[in-house]
Amino acid sequence: MSAALVGATVVGASVLAASPASALSWKCKTSSRTIDDAGYSGPWADNWDFTVKNCVARSGGYVYAKAKVTWDAAPWYSGSDLKETFDSAHFRLYLKRADAGPDTVLARKDFDIRAKMAAMDGSGNGSWTSSAIKKYVGSKSGYADGALRLNWDEDGKDVRHYGFKGTSSA
């Protein structure tokens, strides 16, 4: 078999394996917030700057959501597994529908991100992008929303929910 034919086969397999969500037209909303390490009260800087980009797309009767989380922590967090910082660290991605009362949650998925956060660079910076979730909504619309769910080590409290701005509807 020629090298050209092998290359064409590999390229063809890559195209077939591509996620249908990658070809969608995404609408995104970005918001940021600074969060204090609730389990630490020492002399070093301990704030985490988080930016979340929630994105929504529509294809036929399906609505898709994904998110990108970026953080900037003090450099002294770098190089640790963050078990001394977080008992747990998750990002919860929502697909919601705007209603007259409280918005309806159509779908949600929790992503464990503590290990991803621990992989930050030496300056305390890092990012992670979720996989897409989807829900059939027919002719109705939906939007993407997301929240960090952090359980700070040694703060005497359980999981804290830090919401970020949702997208417009698709």
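Asp145 counts as buried in this predicted model, because its relative accessibility is 12%, which is below the 20% under which a residue is classed that way. The residue belongs to strand β8, an element that spans residues 143-152. Once neighbours within four places in sequence are left aside, Asp145 is in contact with Asn54, with Arg92, Leu93, Tyr94 and Lys96, and with Phe164, Lys165 and Gly166. For one of these partners, Asn54, the C-alpha atom is separated from that of Asp145 by 6.0 Å, although the two residues are 91 residues apart along the chain.

The contacts of the whole protein can be set beside this example. Among contacts with a separation of 6 or more, 69% are accounted for by residues 24 or more positions apart. The protein contains two helices and nine strands, and from the N terminus on its elements follow the order α-β-β-β-β-β-α-β-β-β-β. Of its 170 residues, 39% count as buried, while the exposed area amounts to about 9200 Å², of which carbon and sulfur atoms supply 51%.

On the surface, a patch of negative charge is formed by Asp81, Glu84, Asp87, Glu154 and Asp158. Two of its members can be placed in loops: Asp81 lies in the one between β3 (62-72) and β4 (86-97), whereas Glu154 lies in the one between β8 (143-152) and β9 (160-164). Asp81 has a relative accessibility of 43% and therefore counts as partly exposed, whereas Glu154, at 66%, counts as exposed.

Leu82 also lies in the loop between β3 and β4, but its relative accessibility is 0%, so Leu82 counts as buried. The backbone of Leu82 has a phi near 65°, a positive value in a residue other than glycine. Glu154 likewise has a positive phi, in this case near 60°, and is again a residue other than glycine.

The accessibilities of the residues discussed individually are collected below.

| Residue | Relative accessibility | Class |
|---|---|---|
| Asp81 | 43% | partly exposed |
| Leu82 | 0% | buried |
| Asp145 | 12% | buried |
| Glu154 | 66% | exposed |

Taken by element, strand β8 holds Asp145, and the loop between β8 and β9 holds Glu154, a member of the negative patch. The loop between β3 and β4 holds both Asp81, another member of that patch, and the buried Leu82.

Technical notes:
Residues are numbered from 1 along each chain as its sequence is written. This is a predicted model: local features need pLDDT of at least 70, side-chain atom pairs count only at pLDDT 80 or more; totals for chains, interfaces and linings use all residues. Side-chain values use heavy atoms; hydrogens and water are left out. Patches are made of residues with over 30% relative accessible area and no salt bridge: like charges are joined within 9 Å, nonpolar side chains (Val, Leu, Ile, Met, Phe, Trp, Tyr) within 5 Å. Accessible areas come from the Shrake-Rupley method with a 1.4 Å probe; for residues, only the protein chains shown count as cover. A salt bridge is a side-chain nitrogen of Lys or Arg within 4 Å of a carboxyl oxygen of Asp or Glu. Lys and Arg count as positive and Asp and Glu as negative; His and the chain ends are not counted. The place of a charge is taken as NZ of Lys, CZ of Arg, CG of Asp or CD of Glu. Helices (H or I, at least four residues) and strands (E, at least two) are DSSP runs, numbered from the N terminus. Buried means under 20% relative accessible area, exposed over 50%, partly exposed in between (1.4 Å probe, protein chains only). Contact means heavy atoms within 4.5 Å.
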